[in-house]
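Me: Could you take a close look at how the charged side chains pair up or stay unpaired, setting this against the overall build and the burial of the residues involved? I would like one connected account, with the cut-offs stated for each term.

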Amino acid sequence: MLRDTNALAHVIQTYGKTKQLRRGKQLHALLICAGYTQCTFLTNHLLNMYSKCGEIDHAVKLFDTMPQRNLVSWTAMSSGFSQNSKFWEAIRTFCAMRIYGEVPTQFAFSSAIKACASLGSIETGKQLHCLALKSGIGSELFVGSNLEDMYSKCGAMFDACKVFEEMPFKDEVSWTAMIDGYNKIGEFGEALVAFKKLINEEITTDQHVLCSTLVACGALKACKFGKSIHSSVVKLGYESHIFVGNALTDMYSKSGDMESASNVFGSDPECRNVVSYTCLIDGFVETEHIDKALSVFVELRRQGIEPNEFTFSSLIKACSNQAALEQGTQLHAQVVKINFDEDPFVSSILVDMYGKCGLLENSIRVFDEIGDPTEIAWNSLVSVLGHHGLGKDAIKIFERMVDSRVKPNAITFISLLTGCSHAGLVEEGLNYFYSMDKTYGVVPREEHYSCVIDLFGRAGRLKEAKELIDRMPFEPNAFGWCSLLGACRIHGDKEMGKLAAEKLVKLEPENSGALVLLSNIYAKERQWEDVRSVRIRMRDGNVKKLPGFSWVDLGCQTHVFGAEDWSHPSKTAIYEKLDSLFDQIKAAGYVPLTDSVPLEAMDDGLKEKLLHHHSERIAIAFALITMPIGKPIIVKKNIRVCLDCHSAIKFISKVTGRKIIVRDNSRFHHFTDDGSCSCGDYW
């Protein structure tokens with residue numbers, strides 16, 4: 001066999017394809033020991049084998065000792081570098097090949113172009129494109145597909161489309177590159193259009209094309225289109241391929257069809273990996289079924305599959321959104337155990353989770369433990385500080401971020417402006433808003449303008465808020481109008497409030513908050529006829545007021561309370577504590593804000609009782625009788641805490657000597673035993 005060069009080449013090639021490095025090395029050693037004369041043909045196969053087995057250093061040493069090299073040798077070396085993520089070396093080898101007088105083939109061009117795509121080096125890619133055109137192979141299928149992929153990965157979709165159109169023949173690889181390109185720049189609709197053209201031109205659809213198209217379907221929540229792809233998957237017999245099943249699970253999950261996602265996931269237990277589980281977990285998280293997401297995670301661990309950083313990020317995000325501290329801390333422990341605490345994305349989500357659960361100190365500690373914070377980590381901390389009303393601290397972190405040479409982005413400024421708004425730092429917020437484009441190269445979007453409307457509104461500068469709206473390059477979004485409407489309620493501007501409410505109802509007809517706030521504005525002015533008119537409008541439009549709920553976590557159980565809620569097993573003890581608290585805070589100086597109840601016929605005594613039985617106060621009373629002294633009370637609420645409850649909780653914190661943290665749908669309030677709130681009564 002050692003004399004049969006072709007047989008040896010075939011064996012070496014097989015070892016390379018099957019990644020049998022040990023056997024490949026043994027054969028190489030046997031050839032050396034047998035005194036086999038080094039020939040270029042066999043050495044090229046050895047180069048290829050070492051490269052495919054990930055031993056690029058062995059390949060380099062062998063290449064350097066070759067007495068003679070040909071075009072295949074250089075191409076094998078360039079491809080090897082590219083396969084092993086040594087992209088600049090792949091390009092340098094391509095250049096050296098030309099210096100040595102070799103004329104690159106389409107395979108050599110393809111390896112170098114792939115390297116440019118991975119590096120995002122569009123300028124080098126363009127030079128290779130020119131050279132390929134001069135060599136007469138610019139439109140060759142293999143080269144053209146890689147050029148198309150390179151341009152799309154570099155965000156130059158116009159050039160990618162031009163290359164694609166100039167290709168005389170297109171196969172499923174070139175179409176897949178086109179669809180992938182559109183996906184990468186967020187043009188998912190164009191990706192689906194490209195797939196339809198592929199079908200019309202009767203190009204063979206393989207599993208890669210179908211998976212790329214499923215990505216676009218998931219992003220657009222185009223479940224109907226996705227189901228038609230699913231039928232093609234079944235017809236072509238690809239349903240047993242793990243990555244196809246994962247793409248289907250992901251598409252259904254992102255479309256919100258968790259029943260179909262679960263069916264695909266459960267169809268073949270043998271065709272599952274960590275990606276399969278993570279897709280399903282992510283779907284349950286997005287549809288706010290945190291218990292089901294955690295159950296899938298438990299099943300993943302039971303099957304002996306190691307979770308990855310995306311699995312943890314998705315679950316911790318769910319705990320963050322639900323303020324589920326108990327589960328979040330347990331996941332944090334597992335993150336540390338598996339050494340994912342240094343992952344930039346996981347650590348950033350942990351910063352956000354602790355912040356949203358009210359534990360600001362933990363959030364800051366996690367951030368401080370990050371060795372080299374990315375922009376995501378900096379943004380998370382700025383956002384946390386902003387939502388806790390610590391605008392000055394948010395500014396300090398922003399300045400540290402800039403000093404660390406981390407470039408702020410659009411999300412950074414939304415968080416920063418929110419922090420300035422919640423802390424009443426109007427001038428500072430305006431300075432940052434007007435410096436966004438000039439200093440940092442971030443063009444303000446409607447979200448940033450809405451933050452400035454909120455900034456003016458909270459400060460009572462309604463005229464300036466309206467002037468900003470009039471000169472904005474686009475209409476404010478729902479948040480902008482809602483901010484203005486809330487400010488009009490606080491500062492008593494019913495005309496501007498009416499305008500804001502009408503605009504908000506047009507944008508979000510199902511949002512009851514706009515009409516409720518408008519009703520409160522009229523009630524504050526004692527315009528009862530207008531109040532009745534708004535309520536009739538709500539009734540006729542079948543618009544129902546969103547009921548307020550508050551909840552407290554005790555151990556692994558969440559206790560939810562509504563206003564005037566008598567359903568809890570401990571109701572007697574809770575209402576006894578409430579009555580006791582009411583007497584204590586009145587003695588300490590609390591005066592109920594009965595004017596905040598928009599009911600004309602109700603006397604002040606009944607209004608006091610109604611305010612006294614708001615959900616957040618019931619939750620606090622429950623926490624006081626169940627939680628040990630010294631442990632902070634954390635209450636979550638689905639709507640904004642009312643003015644009267646805010647006043648009452650300050651007194652409750654003072655008379656009980658307990659720290660109380662309330663997270664509503666806007667921000668955090670930290671009440672301390674000196675009778676103050678972190679918001680400084682500015683929210």
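Reply: A residue is called buried when its relative accessible area is under 20%, exposed when it is over 50%, and partly exposed in between, with a 1.4 Å probe and protein chains only; the areas come from the Shrake-Rupley method, in which only the protein chains shown count as cover for residues. This is a predicted model, in which local features need pLDDT of at least 70 and side-chain atom pairs count only at pLDDT 80 or more, while totals for chains, interfaces and linings use all residues. Residues are numbered from 1 along each chain as its sequence is written, and side-chain values use heavy atoms, with hydrogens and water left out.

As a frame for the close look, the protein chain has 36 helices and 5 strands, where helices (H or I, at least four residues) and strands (E, at least two) are DSSP runs numbered from the N terminus. The C-alpha trace spans about 105 × 55 × 55 Å along its principal axes, and buried residues make up 51% of the 683 residues in the chain.

Side chains of opposite charge can pair when their charged atoms come close. The structure holds 16 salt bridges, a salt bridge being a side-chain nitrogen of Lys or Arg within 4 Å of a carboxyl oxygen of Asp or Glu. One of them joins D352 to K356, with the closest N and O atoms 3.4 Å apart; the two residues lie 4 residues apart in helix α21 (residues 344-356), so about one helical turn separates them. D352 counts as buried at 16% relative accessibility, whereas K356, at 29%, counts as partly exposed.

Another bridge links E464 with R461, whose closest N and O atoms are 2.7 Å apart. E464 is partly exposed at 29%, and R461 is partly exposed at 25%. Through salt bridges that share partners, E427, R461 and E464 are joined into one network. A further pair is E447 and R445, bridged with their closest N and O atoms 3.4 Å apart; here E447 has a relative accessible area of 30% and R445 one of 38%.

Turning to charges outside such pairs, D341, E342, D368 and E369 form a negative surface patch. Patches are made of residues with over 30% relative accessible area and no salt bridge, like charges being joined within 9 Å and nonpolar side chains (Val, Leu, Ile, Met, Phe, Trp, Tyr) within 5 Å. Lys and Arg count as positive and Asp and Glu as negative, with His and the chain ends not counted, and the place of a charge is taken as NZ of Lys, CZ of Arg, CG of Asp or CD of Glu. Within this patch, E369 lies in the loop between α22 (360-368) and α23 (375-387) and is exposed, with a relative accessible area of 59%.

A charged residue can be placed quite otherwise: K636 lies in strand β3 (residues 633-637) and is buried, with a relative accessible area of 4%. K636 and V560 are 76 residues apart in sequence, yet 9.4 Å apart in space, C-alpha to C-alpha.

Technical notes: Accessible areas come from the Shrake-Rupley method with a 1.4 Å probe; for residues, only the protein chains shown count as cover.
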